[in-house]
Amino acid sequence: MEIWPGKPYPLGATYDGFGTNFSIFSEAAQRVELCLFDDANRETRLDLPEVTAYCWHAYLPGIGPGQRYGFRVHGPWDPASGSRCNPAKLLLDPYAKAIEGQVRWNPAMFPYRLGEGDDQMDTQDSAPFAPRSVVVNPYFDWAEDRPIKRPLHETVIYETHVKGLTIRHPDIPETLRGTYTALTHPSILNHLKGLGVTALELMPIHQFIHDEYLIRKGLRNYWGYNSIGYFAPHNEYSSAGESGQQVQEFKQMVKVLHDEGIEVILDVVYNHTAEGNHLGPMLCFKGIDNAAYYRLEANDKRYYTDYTGTGNSLNMAHPHVLQLIMDSLRYWVLDMHVDGFRFDLASALARQLHDVDRLSAFFDLIQQDPVVGQVKLIAEPWDVGVGGYQVGNFPPQWSEWNGKYRDCVRDFWRGQDQTLGEFAYRFTGSSDLYEYTSRRPFASINFVTAHDGFTLNDLVSYNEKHNEANLEENRDGESNNRSWNCGTEGPTEDPDIIDLRSRQKRNFLATLMLSQGVPMLMGGDEIGRTQQGNNNAYCQDNEISWYDWESADTRILEFVKGLIALKREHPVFRRKRWFQGRPIRGTLGHDICWFTPDGREMTDENWEEHFPKSICIFLNGNAIAGLDERGNRITDESFYLLINAHHEPMIFMIPSLLEGAWATVFDTAIEDFPKDRPLHGPGEEILLQGRSMVLLQRTA
């Protein structure tokens, strides 16, 4: 076979129409073999003849798309010093654009002899059990596809799972269910467009691994937070094949979603890999250059520093790790046309030495990058390390999953004391968290539920987690869920409890959609999805996690549609700027004003009381700061929101200062948006049911 020297960059396998250039970084290597596999799985090994700045490379004429390959790295085996090179192990290309197959768990997949200590090198060949990297065709007809670039304050995010969303949908052909193509089926597109969401936040679609301990128990890694291929779309979500077809299918999915006005945000896991700790398998990075790719304990490099709870942490202090992540992000934007990223356990990415550093090299690179710096950037602002909870502390161009919003809103609606003042901050965009860094309300990604925890239905149905199906004796998952079962645990036929649970779901959803900031709806909440009390369904690739379309709650679905339409049509609920940039206790005539249930303006004494659970909010549509994209002043209708989180009914009075007629937009004590929109006037009393809210709109 003809071998040319090739080039060190770009890294990975790059097909140019005539042949393929291969390049891989390893400072630890003394020799690198490129391993090519034919259709019969026969292996041909070729030494990479050139090394430039620790990048080993070669060009092979005639090698093209569909070629399966891997690497074997020869170098020191000395776990005590952090070196774990083992040429008996076939390694994935860190830059592979496609990966074929899954790990077939066997002792050969581990670099050490099981049962004899991780310092005892294993010489069994892992190739029969290991997945393959695949050379891909980079060409695709994007036609007129362009980035949508919808402003964040106009964005409604729908967090979902490629498989879970589509696998049980009766209108989708069985051969397509659970795939990228299924997301473009008319039934799914019609649901998303009818709902009114503007962006899909897809749970991990980077190639990931099903953990050995899960397979052994008959479970699978459903969520996918176990990445091994940062350039490769997960092959199990492809309906067309896994020898590069998954790349074309993913691109077609993005193109169709863009045609429908829906952006694609990827949930990415750059904080750790699927290789685990010193007892984990050898799949890729560990065997290429362990000390470069991973953070090792300073006093004993045999062990891995773990800020993620998964066994390892990527080494964000190494330039080639930073290059890998930035190259991956740019690839997904430029080649795959995605619109943004949500960074899992993002605090781990900011750890250069130990402490979380808001000005770390990673954020510097993002800030100056002309591609990645211009897409939607969302941080999960915590990790499991000391000082990892960093809500409100990310750089100005970032938005954050606002965990404080989730916790406060849950506490407020289950009737906890001392939550009213914080609720006001969370409802208005959390200026206490984001304003001081010159960020806007859309820095707050507001959510009540997410993949990690209870569904909305379960949040109002269970006090305790019920994770027995995970086979960990219900020890896994968060125990403090801030949930309330409304009187009985789990399913019930009691009509009063069923009514209260439905009302609480409407309260949560209405609060979410009327709050300033970017709402994120967890997929399935709009149809009443339940996980039967499981709040950690990461390993439940089955009916526990999959959306049950045939049992969809159509009443709550229609209510959510109405809420999203309300937010879309009224800029007073999606302001670009803070309310006057002042503390939330404003005065009438300004953009916001707060009232007690009896119609009096809130005083400092009212805010300092610990027990109140009811409040009213006037939102002035004629006092919206800022201009639209054409430089015109933004105006809207004015609204008056009455909130009763107390368990008993309460009489509210419309302040006499609020002139005009006020129409009822919705009442969460009622299942549907009212068609007749009852009118009310200044000084009029309104009876609110316990745990309910009413929205009024000025009509004259």
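Biologist: What radius of gyration would a compact globule of 700 residues have, and what value does the chain have?

Modeller: For 700 residues, a compact globule would have a radius of gyration near 27 Å. The chain, which is a predicted model, has 27 Å, in agreement with that expectation. Along the principal axes, its C-alpha atoms fill a box of roughly 90 × 55 × 55 Å.

Biologist: How many helices and strands are there in the chain?

Modeller: The chain has 14 helices and 29 strands. As for contacts between residues at least 6 apart in sequence, 72% of them join residues at least 24 apart.

Biologist: What percentage of the residues count as buried, and what area does the chain expose?

Modeller: Of the 700 residues, 62% count as buried. The chain exposes about 25,900 Å², of which carbon and sulfur atoms supply 48%.

Biologist: How many positive and negative side chains does the chain have, and how far apart are the centres of the two sets?

Modeller: There are 66 positive and 97 negative side chains, and the centres of these two sets lie 2 Å apart.

Biologist: Let us turn to a single helix. Which residues of helix α2 are buried, and against which elements do they pack?

Modeller: Helix α2 spans residues 186-195, and its buried residues are S187, I188, L189, H191, L192 and L195. Their packing partners include the helices α1 (162-166), α4 (245-259) and α13 (554-569). The strands β12 (157-160), β13 (199-202) and β21 (518-522) also pack against the buried residues of α2. After the helix comes G196, with a positive phi near 100°.

Biologist: Why does S187 count as buried?

Modeller: Buried means under 20% relative accessible area. S187 has 13% relative accessibility and therefore counts as buried. This residue of helix α2 makes a side-chain polar contact with the side chain of H185, at 2.8 Å. Not counting residues up to four places away in sequence, S187 touches H169, D171 and I172.

Biologist: The same reading can be tried in a loop. Where is N481 found, and is N481 buried or exposed?

Modeller: N481 is in the loop between α11 (456-459) and α12 (495-514). Its relative accessibility is 6%, so N481 counts as buried. Neighbours within four places in sequence aside, N481 is in contact with R410, F454, L459, K465 and N535.

Biologist: How should backbone angles be read, and which sign of phi do most residues other than glycine have?

Modeller: Most residues other than glycine have a negative phi, and most peptide bonds are trans. A53, which is not a glycine, nevertheless has a positive phi of about 50°. A53 is found in the loop between β5 (50-52) and β6 (55-61). With 58% relative accessibility, A53 counts as exposed. N474, another residue other than glycine, has a positive phi near 65°. N474 is found in the loop between α11 and α12.

Biologist: Which residues does a cis peptide bond join, and what is omega there?

Modeller: A cis peptide bond joins Y9 and P10, with omega at about 5°. P10 lies in the segment before β1 (12-15).

Conventions:
Residues are numbered from 1 along each chain as its sequence is written. This is a predicted model: local features need pLDDT of at least 70, side-chain atom pairs count only at pLDDT 80 or more; totals for chains, interfaces and linings use all residues. Side-chain values use heavy atoms; hydrogens and water are left out. Helices (H or I, at least four residues) and strands (E, at least two) are DSSP runs, numbered from the N terminus. The radius of gyration is taken over C-alpha atoms; the globule rule is 2.2 Å times the number of residues to the power 0.38. Buried means under 20% relative accessible area, exposed over 50%, partly exposed in between (1.4 Å probe, protein chains only). Contact means heavy atoms within 4.5 Å. Accessible areas come from the Shrake-Rupley method with a 1.4 Å probe; for residues, only the protein chains shown count as cover. Lys and Arg count as positive and Asp and Glu as negative; His and the chain ends are not counted. The place of a charge is taken as NZ of Lys, CZ of Arg, CG of Asp or CD of Glu. A polar contact is a pair of N or O atoms within 3.5 Å; within protein, one must be able to donate a hydrogen and the other to accept it, and residues adjacent in sequence count only if both atoms are side-chain atoms.
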